[in-house]
Amino acid sequence: MSARIIDGRARAAELRAQIATEVGTLKSEHGWVPGLAVVLVGSDPASEVYVRMKGKATAEAGMAGFEHRLPSTVTQAALLDLIARLNADPAVHGILVQLPLPPQIDEAAVIDAIAIAKDVDGFHVQNAGRLATGQAAMVPCTPLGCLMLLRAELGSLEGRDALVIGRSNIVGKPMAQLLIRDSATVTVAHSRSRDLPGLCRRAEIVIAAVGRPRLVQGDWLKPGAVVIDVGVNRTPEGLVGDVDFEAARQVASAITPVPGGVGPMTIACLLANTLTAACRSAGLPEPQGLTA
Ligand SMILES: Nc1nc(=O)c2c([nH]1)NC[C@@H]1CN(c3ccc(C(=O)N[C@@H](CCC(=O)O)C(=O)O)cc3)C=[N+]21
């Protein structure tokens with residue numbers, strides 16, 4: 001068997017086109033567009049690439065983009081001051097502080113200073129709590145993108161055995177929450193899990209988000225499993241995922257490639273969250289199909 005390759009790039013392009021249409025309607029009917037502020041501290045080359053991609057996608061969707069660059073030596077107080085100004089700026093509907101931040105900065109303090117309604121990353125402790133308790137939340141972009149791909153592939157996730165590998169606040173934990181909400185049976189594995197291959201072999205859905213190149217082997221998979229690879233590992237051979245793609249595609253029924261899978265969906269979902277945040281802030285109905 002050879003797996004269907006889930007084309008995240010194509011699905012993301014569709015999503016961005018839908019968003020651009022909605023933004024055009026907002027502009028013509030209300031005279032304003034959603035605005036996304038991206039804050040980059042320091043000059044990590046990978047972060048530079050992501051921030052540039054986010055800026056480009058924002059502009060192509062017809063949204064207003066505001067980029068703020070601070071030196072790696074910036075104090076936490078100065079960063080918090082910028083966030084306070086963005087929180088108060090009515091043209092800014094979404095705020096993203098690119099992670100990681102330098103060591104002198106307390107990441108949680110910075111994230112939790114973002115207005116929850118503008119927290120388009122969904123990393124604020126209150127958004128995490130809302131997601132976990134079933135209240136309206138901003139949902140982290142990467143897990144939201146994975147959920148959209150899974151629903152498109154499988155329809156209902158009800159009763160399905162899902163394995164999330166990775167327990168980060170950014171991907172693993174919110175992914176598990178979303179799968180629970182869709183009535184999947186969810187296992188969360190991590191670096192201390194015993195018998196990861198055994199856990200994998202039981203799963204109809206595997207979401208790999210650990211940051212270990214090609215960790216998940218082909219013979220760990222249940223035949224017909226749907227595999228979502230969140231890994232973005234830069235290796236001497238290029239960008240590789242957390243799944244051994246060539247082996248896994250012989251066993252899985254569907255699999256996301258790296259690149260071209262989850263990554264583009266993450267950026268499209270950032271735009272989706274920004275549009276959702278803007279509509280909520282204006283008391284307008286939210287466009288359908290952009291949220292969990
Ligand atoms: N506050 C914050 N929010 C984030 O969402 C966030 C962050 N910080 N820090 C870094 C990670 C990483 N991330 C990616 C986004 C897009 C691709 C993406 O589009 N990747 C392309 C390949 C791009 C390439 O070649 O590097 C793909 O998979 O096809 C990957 C990774 C968002 N992150």
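**A chat about helix H7 and its surroundings**

Me: Starting with H7: what covers the buried residues of this helix?

Reply: The cover includes helix H5 (125-132), helix H6 (141-154), E5, strand E6 (185-189) and strand E7 (205-208). Helices (H or I, at least four residues) and strands (E, at least two) are DSSP runs, numbered from the N terminus. Two residues are in contact if their C-beta atoms, placed from the backbone, lie within 7 Å.

Me: Before I go on, what kind of model is this?

Reply: It's a predicted one, where local features need pLDDT of at least 70 and side-chain atom pairs count only at pLDDT 80 or more, while totals for chains, interfaces and linings use all residues. Residues are numbered from 1 along each chain as its sequence is written.

Me: OK, back to H7. How many of its residues are buried, and which?

Reply: Seven of the ten are buried, so H7 is mostly covered (buried is 20 or more other C-beta atoms within 10 Å of a residue's own, exposed is 12 or fewer, partly exposed is in between, with C-beta atoms placed from the backbone). They are Gly-172, Pro-174, Met-175, Ala-176, Gln-177, Leu-178 and Leu-179.

Me: What comes just after H7?

Reply: Ser-183 sits there, with a positive phi of about 65°.

Me: And the loop before H7, where does UniProt place the "binding site"?

Reply: The unreviewed UniProt entry puts that feature at Gly-166, Arg-167, Ser-168 and Val-232. UniProt positions are in the numbering used here, feature names are shortened, and annotations may be inferred rather than shown by experiment. Gly-166 is in the loop between strand E5 (161-165) and helix H7 (172-181), and Arg-167 is in the loop between E5 and H7 too.

Me: Is Gly-166 buried or exposed?

Reply: Gly-166 is buried, because 24 other C-beta atoms lie within 10 Å. Leaving aside neighbours within four places in sequence, Gly-166 is in contact with Val-171, Gly-172, His-190, Ala-209 and Val-210.

Me: What does Arg-167 count as?

Reply: Arg-167 has 18 C-beta neighbours inside 10 Å, so it counts as partly exposed. With neighbours within four places in sequence left out, its contacts are Gly-172, Lys-173, Val-188 and His-190.

Me: Switching to the ligand: how many residues surround it?

Reply: There are 18, and the closest are Leu-99, Pro-259, Gly-260, Gly-263 and Thr-266. A residue is near a molecule if its C-beta atom, placed from the backbone, lies within 6 Å of it.

Me: Which element gives the most to that shell?

Reply: H10 does, with four residues. Helix H2 (45-60), strand E4 (94-97) and helix H10 (262-282) each supply at least two. By class, the shell has 13 nonpolar, four polar and one charged residues. Here Ala, Val, Leu, Ile, Met, Phe, Trp, Tyr, Cys and Pro are nonpolar, Asp, Glu, Lys and Arg are charged, and the others, Gly among them, are polar.

Me: Which domains is the chain divided into?

Reply: Domain 1 (31-126 + 264-280) and domain 2 (141-262), with bounds from an automatic or database domain assignment. Their C-alpha centres lie 27 Å apart. The contact takes ten residues from domain 1 and eleven residues from domain 2. Each domain also gives at least three residues to the shell around the ligand.

Me: Last one: how many helices and strands are in the whole chain?

Reply: Ten helices and eleven strands. Of the 292 residues, 44% count as buried.
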